[in-house]
Amino acid sequence: MRAAPSSSTPDETPVQGRPLVAIIVAIAFLMEQLDATIVTTAIPDMARSLQASVVQMSLAVSAYVLTLAVFIPLSGWCADRFGGRRVFVAALGLFTAGSVLCGVADSFPMLVAMRVLQGLGGAMMTPVGRLILLRSFPRSQLVRAMTYATLPAIIGPVIGPLLGGYLTTSLSWRWIFYVNLPFGLLGMVLAARYLQEDETAPPPTFDLRGFVLFGLAVGLLQFTMEGAAHLPGAFLAALVLGAVALLALFSRHSRSREHPAVDLSLLRERAFGIATLGGGLCRVAMNGPVYLLPLMLQLGLGMSPVQSGALTFLSAVASPVVRVFVGGALRRLGFRKLLLISALACTATLSSFALIGPDTAHSWIAAAIVFYGLVRSTQFMTSNTLAYADISAPRLSRATSLGGLLQQLTVSFGVSMGAAWLGLLTPHHAVPTLQTFHLTFVLLAVLPVLALPAFVRLQVGDGAIVSGHAATPRRNE
């Protein structure tokens, strides 16, 4: 029976219907997480089929993630303005349609355009799904709900490389997109049938000018990195100056708005700013291998997509392990020491990829990838926790919006930066060599070192209310 629109609070939602809400949202989470990892394994085959270079194919990854980041600020406003259920169903439909159109793409430009369409659907799908969970469950049951819904966020990265390798080898790279069709259709039917439409107060006027300024700025930065290998230096410098000018205009504009599209004033909160910006440098570096590793294993070492996927999926297996020991590590070490140690470990693990050669045993490659997964998850989880530890309740929703946006940008920038260096070190239209991959990993390994001065600024009380490392948490300055 269809649930009628209701203004009920989460505590009034029928208990028997709540697990179904979590399952419906989990379908969306699974689609997005699966899509984020399944594509990279198929890049060499996609490049050959669409007559593009493997360096150019990075745009098929970064265009999707950049669209996610740019349109996330719009998702909450749309949910409040048009209704969470309507926006969620429409987003599922947009993402599913984009997936099918990616599968039928007969040119590289069409593939990139359809990845943008996918990203637009994903930008609405996941944040609105999370909002539906928050509104459907009482706080006392929210942890259980988020556990059910975010389980696909763990499963997706684990099965993505394996499934991508299998589909690419056994069928075609086009099936890595078609696989979203049954999930999308099921999610749309269940969401339209069972989700309730909450009545909410009309949202404030959306900051369209700020949204456009910020979107253009990050778009220019992304375009600069994508074009670093083949655009003139003077033109690249002009693009960077243009992006900086747009960000300055946005910053000035946002200070005059009560509800800016993106609240950059949160970066003045020391713990949030350090975790977001310092942690962001580490994220950019550690997201580069998502694109580079499958390519190096296939182009540099001659592995098949299945072999490559079987190795790269090991990085995701480490995630559940990290969830167990990070809490204890924070209590013993605190945020400052753990972030410093994990940043140095990021540099070490990226450098270790530069030592992989044709004679390296697969067991050693597997060990290096597992270690990379452990370090990556530790760094991400620690900086994520610190970012929101000292944020006051009234600013928490804006902080999660800004934090989620910047996290998506680090994925996009990590892929683009890895591809840019790979392109700069590779002759035009040539296939990157193993030595080129090695040097690219060494360059990425420098980024976490640049984050060390930011982490050093952390004090004992920062985030102590969460870590339990200090008896009295220190107030933000």
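Trainee: Which residues is P260 in contact with, leaving aside its neighbours within four places in sequence?
Mentor: In this predicted model, P260 is in contact with D207 and S254. A contact here requires heavy atoms within 4.5 Å.

Trainee: Where does P260 sit, and why is P260 called buried or exposed?
Mentor: P260 is in the loop between α10 and α11, the latter covering residues 270-300. Its relative accessible area is 14%, and buried means under 20%, so P260 counts as buried. Across the chain, P260 and T205 are 55 residues apart in sequence, with their C-alpha atoms 9.8 Å apart in space.

Trainee: D207 was named for P260. Which residues does H253 touch, and in which helix is H253?
Mentor: H253 touches D207, R209, G210 and L213, not counting residues up to four places away in sequence. Its place is in helix α10, residues 233-255.

Trainee: What makes H253 count as buried or exposed?
Mentor: The relative accessibility of H253 is 11%. The cut-off for buried is under 20%, and therefore H253 is buried. Within α10, the buried residues are L236, L239, A243, L246, F250, H253 and S254.

Trainee: How do you know whether the length of α10 agrees with what is expected for its residues?
Mentor: α10 has 23 residues, and 1.5 Å a residue gives an expected 33 Å. From first C-alpha to last, α10 reaches 33 Å, close to that expectation.

Trainee: What does the same check give for helix α4?
Mentor: α4 runs over residues 84-103 and has 20 residues, which should span 28 Å at 1.5 Å a residue. The end C-alpha atoms are 29 Å apart, which agrees.

Trainee: What makes α4 mostly covered?
Mentor: Of its 20 residues, 14 are buried.

Trainee: Why are C346 and C282 called bonded or not bonded?
Mentor: The closest cysteine sulfur to that of C346 is in C282, at 4.8 Å. A disulfide needs the two sulfur atoms within 2.5 Å, so this pair is too far apart for a bond. By this rule the count of disulfides is zero.

Trainee: How do you know whether C102 and C346 are buried or exposed?
Mentor: C102 has 0% relative accessibility and counts as buried. C346 is also at 0% and counts as buried. The limit is under 20% in each case.

Trainee: What is odd about the phi of Q51?
Mentor: Q51 has a positive phi of about 55 degrees although this residue is not a glycine. Q51 lies in the loop between α2 (43-50) and α3 (58-82).

Trainee: Why is Q51 classed as buried or exposed?
Mentor: Exposed means over 50% relative accessible area. Q51 has 76% relative accessibility, so Q51 counts as exposed.

Trainee: How many aromatic pairs are there, and what makes the pair of W173 and F177 stacked or edge-to-face?
Mentor: The count comes to seven aromatic pairs. In the pair of W173 and F177, the ring centres are 6.3 Å apart, with 90 degrees between the planes. The limits are 6.5 Å for the centres and over 60 degrees for edge-to-face, so the rings of W173 and F177 pair, and they do so edge-to-face. Both W173 and F177 are buried.

Trainee: Which residues do ring pairs link into a cluster?
Mentor: The cluster consists of F353, Y372 and F441.

Trainee: Which charged residue lies over the face of F380?
Mentor: R283 does, at 4.2 Å from the ring centre. The distance limit for such a placement is 6 Å.

Trainee: What makes L444 count as buried or exposed, and which residues does L444 touch?
Mentor: L444 is found in helix α17, residues 434-444. At 0% relative accessibility, L444 counts as buried. Not counting residues up to four places away in sequence, L444 touches A285, G288, P289, L292, L350 and W421. G418 is 26 residues away along the chain, and its C-alpha atom is separated from that of L444 by 7.4 Å.

Trainee: Why is A26 called buried or exposed?
Mentor: A26, in helix α1 (residues 18-38), has a relative accessible area of 10%. That is under the 20% cut-off, so A26 is buried. A26 and G187 are 161 residues apart in sequence and 9.1 Å apart in space, C-alpha to C-alpha.

Trainee: How many helices and strands does the protein chain have, and what share of its residues counts as buried?
Mentor: The protein chain has 19 helices and zero strands. Of its 477 residues, 54% count as buried.

Technical notes. Residues are numbered from 1 along each chain as its sequence is written. This is a predicted model: local features need pLDDT of at least 70, side-chain atom pairs count only at pLDDT 80 or more; totals for chains, interfaces and linings use all residues. Side-chain values use heavy atoms; hydrogens and water are left out. Helices (H or I, at least four residues) and strands (E, at least two) are DSSP runs, numbered from the N terminus. Buried means under 20% relative accessible area, exposed over 50%, partly exposed in between (1.4 Å probe, protein chains only). The expected span of a helix is 1.5 Å times one less than its number of residues. Rings of Phe, Tyr and Trp (its six-membered ring) pair if their centres lie within 6.5 Å; planes under 30 degrees apart count as stacked, over 60 as edge-to-face and the rest as tilted. A charge sits over a ring if NZ of Lys or CZ of Arg is within 6 Å of the ring centre and within 35 degrees of the ring normal.
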